Each structure stands twice: as C-alpha cells, then as structure tokens.
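I set out to look up the aromatic contacts in this structure and to note where the rings involved sit. Which rings pair, and how are they oriented?

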Amino acid sequence: MRLKAPIIVACLAGLLLAGGSAGAADYKSEYTVSTVLPTPFPWGEAAERWVKLVEERSDGRINLKVYPGAQLVSGNQTKEFAALRSGLIDFAVGSTINWSPQVSELNVFSLPFLMPDYAAIDALTQGEVGERIFEAIERQGVVPLAWGENGFRELTNSVRPVTHPDDLEGMKIRVVGSPLFQDTFEALGANPTQMSWADAKPALATGAVDGQENPLSVIQIAKMWEVGQEYLTRWHYMADPLIFAASRGTWESLPEKDRRIIREAAIDAGQWEIERSRASVEERLAALREQGIELTELTDAQREAFRKATASVYETWAPRIGEDLVETAKEAVANRDAE
C-alpha cells in the first residue's frame with residue numbers, strides 16, 4: 001500500500017523534529033570548567049575568556065561554567081587531572097605543575113633554570129616538545145586543546161636579598177607539592193616545605209616559613225608584602241604553562257563543529273591571556289616597588305651560578321621525564337634565537 005504524499009510529508013517532519021530534539025538533548029545544561037585561581041588572576045581570566053568565546057561562537061548552545069579554587073576536587077588541585085580523565089570534570093585550564101604527577105613529561109617545565117626568557121617558553125610549547133607533551137596527555141585519556149601561561153615563578157622572602165645560592169642556605173621556603181621542587185631547593189641549600197596555598201600565607205605571616213615562589217601576578221594580587229615578604233628575586237627559575245583541555249568522554253559526545261568552536265576558542269583565549277600576562281609585568285613590578293618590596297634582577301652570570309648548583313636535579317629527573325625529551329627541550333631553548 002502506497003502512502004499518500006501529505007502523510008509522507010507529515011512522517012518526515014515528525015522524524016526531523018524527533019531528530020532535532022534528540023540532538024538538543026545531547027547538550028548538558030552546563031559544562032564544568034575547573035581552574036585553581038579565579039579572576040583577577042590571569043589564570044582565572046583565561047578560563048572566563050574561553051567561556052565567553054564559546055558562548056558567543058556557539059550562539060549559546062554550549063554553556064561552560066568556571067569553578068575556581070579547584071572546588072570540583074575539594075580544593076586538592078593535584079587531583080584535577082584524574083577528575084578530568086574520569087569525566088567528573090568536563091573541561092579545565094590546568095597547570096603543568098599540578099598535572100605532572102599523572103603526566104611525567106610535564107615536569108620538563110619545572111626543570112630549574114631551563115627557560116631564561118619568553119622565547120624559550122615559546123620554543124618548547126610551540127615546537128616538538130609541546131607536540132610530544134600533548135600526545136602524552138592524550139594517551140592519559142584527556143584531550144589537550146591549547147596553551148596558556150601562569151608565568152615565570154619568582155622568589156620572595158623576609159630575610160635578605162638573594163643573588164647567589166649561598167643566600168638561600170637554611171632558608172625555609174614554601175613550595176608546591178612536587179618532589180622536583182623539593183629537590184631543587186634542597187640543591188640550593190634551602191629548607192623547602194610543601195604546603196597548600198591556604199596554609200602558606202599564615203605560615204609566612206608568623207615566620208614559620210621565610211619565603212615562597214610564585215608568578216608575579218600571584219605575588220602582587222595576593223599582597224605578599226602584607227605577610228613580611230620584603231625581598232623579591234626575579235630569577236626565572238622555571239615557568240608554569242597552562243593547558244586548556246577536555247575530558248575525552250565530553251569531547252567525544254560533541255559534534256565536530258562544536259569541537260572546532262571549543263578548540264579555536266581555547267587557542268584564542270590562551271593567546272589573549274599570554275599576551276596580557278606578559279604585557280603586565282612592568283606594571284606589576286612597579287606596584288610591588290611602591291609597596292616597599294626590594295627587587296633584585298639577576299645578571300646572566302648570577303643565574304648561571306644557580307643553574308650549576310641545581311645540575312643534580314637534571315641527573316635525577318631526566319630519566320623520569322624522558323631523557324630524549326629533556327635533550328630536545330635543551331636544544332629547542334639553545335636554538336630559539338635562530339628560529
């Protein structure tokens with residue numbers, strides 16, 4: 001029996017409507033984005049920029065929401081990558097430091113005094129090293145999308161100006177929860193203490209610890225002068241790139257056109273944040289000087305003394321990171337001016 005044309009049209013219309021409803025139902029009402037720092041920190045600004053760009057470019061189809069303070073993992077930022085991998089978090093703008101326990105290759109960015117300037121950071125993230133690291137992340141079940149930047153980590157303390165490794169002898173320094181940081185400061189003669197940021201400020205205020213290391217944005221916005229940090233050494237001993245990433249399950253649930261929107265928005269938000277972060281350095285230094293902080297800028301010769309003092313860290317960590325990757329990173333930094 002042949003169906004009459006009006007009935008066929010009605011059936012097709014019904015199928016199209018059903019298909020459209022099913023497609024719309026595939027979108028979550030909210031996709032979570034985890035970060036450690038909120039606005040006005042550049043880290044938080046990068047995440048918020050990503051959210052805004054995705055909303056605009058998807059015509060409101062995709063609703064991302066930022067959850068700062070690592071609140072989706074109860075404040076334990078080192079668990080963020082595992083939560084992203086398992087699908088408990090949809091997206092994240094994460095730190096290479098915090099994700100390094102799960103992806104050992106990320107420790108290359110924490111090797112002391114490897115990257116002396118921004119060109120060195122770019123030589124790694126935008127070259128073979130960056131590609132290999134993204135491949136390593138993907139093997140762990142997370143989809144990397146773009147790079148951002150938390151900045152060079154500098155040193156503050158309440159004791160004295162630091163211009164030579166001997167100046168750190170016995171100094172109690174708060175460090176993040178990474179064994180590589182512990183090894184670095186021990187090699188410099190300091191007494192490193194791992195503690196959360198929530199515990200760090202009270203410890204600095206009471207003198208339980210003498211100093212800490214962080215990007216300039218954190219030093220300024222967190223008002224480190226209020227907890228006795230009188231001396232700042234700009235030594236660029238390591239950098240902390242950020243990575244925009246997605247849970248594989250969430251990523252594969254989205255159509256290709258939406259993946260493209262999210263990826264391109266991440267790339268644009270990351271580039272915007274990197275440029276903004278670097279452009280703000282002189283302004284932040286001026287603001288810190290106004291608060292009475294004494295700034296020390298290391299010369300190349302002074303920095304070389306610190307590099308030599310931490311050579312043992314490379315011997316310990318290169319096999320864990322991958323000796324070939326470490327050598328590729330060294331070559332990329334050495335050849336950065338020729339590119």
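The entries below follow the aromatic rings through this predicted model.

Entry 1. I began with the count of ring pairs, taking centres within 6.5 Å as the cut-off, and by this rule I obtained 15 aromatic pairs. I then looked at Phe 134 and Trp 147, which form a stacked pair with 4.8 Å from centre to centre and 20° between the planes. Since Phe 134 belongs to helix H6 (residues 128-139) and Trp 147 to strand E4 (residues 142-157), I note that the pair ties together parts that are 13 residues apart in sequence.

Entry 2. I asked whether these two rings are buried or exposed. Phe 134 has 16% relative accessibility and counts as buried, and Trp 147, with a relative accessible area of 10%, is buried as well.

Entry 3. I turned next to Phe 181 and Tyr 237, whose ring centres lie 6.4 Å apart with the planes at 90°, and so I entered the pair as edge-to-face. Phe 181 is in helix H7 (residues 179-187) and Tyr 237 in strand E8 (residues 231-247), so that the pair links distant parts of the chain, 56 residues apart. I found both Phe 181 and Tyr 237 to be buried.

Entry 4. Which residues form one aromatic cluster? I listed Phe 113, Phe 181, Phe 185, Trp 235, Tyr 237 and Phe 306 as its members, and the edge-to-face pair of Phe 181 and Tyr 237 is therefore recorded with that cluster.

Entry 5. Lastly I looked for a charge over a ring, and noted that Arg 320 lies over the face of Trp 317, at 4.3 Å from the ring centre.

Definitions and conventions
Residues are numbered from 1 along each chain as its sequence is written. This is a predicted model: local features need pLDDT of at least 70, side-chain atom pairs count only at pLDDT 80 or more; totals for chains, interfaces and linings use all residues. Side-chain values use heavy atoms; hydrogens and water are left out. Rings of Phe, Tyr and Trp (its six-membered ring) pair if their centres lie within 6.5 Å; planes under 30 degrees apart count as stacked, over 60 as edge-to-face and the rest as tilted. Helices (H or I, at least four residues) and strands (E, at least two) are DSSP runs, numbered from the N terminus. Buried means under 20% relative accessible area, exposed over 50%, partly exposed in between (1.4 Å probe, protein chains only). A charge sits over a ring if NZ of Lys or CZ of Arg is within 6 Å of the ring centre and within 35 degrees of the ring normal.
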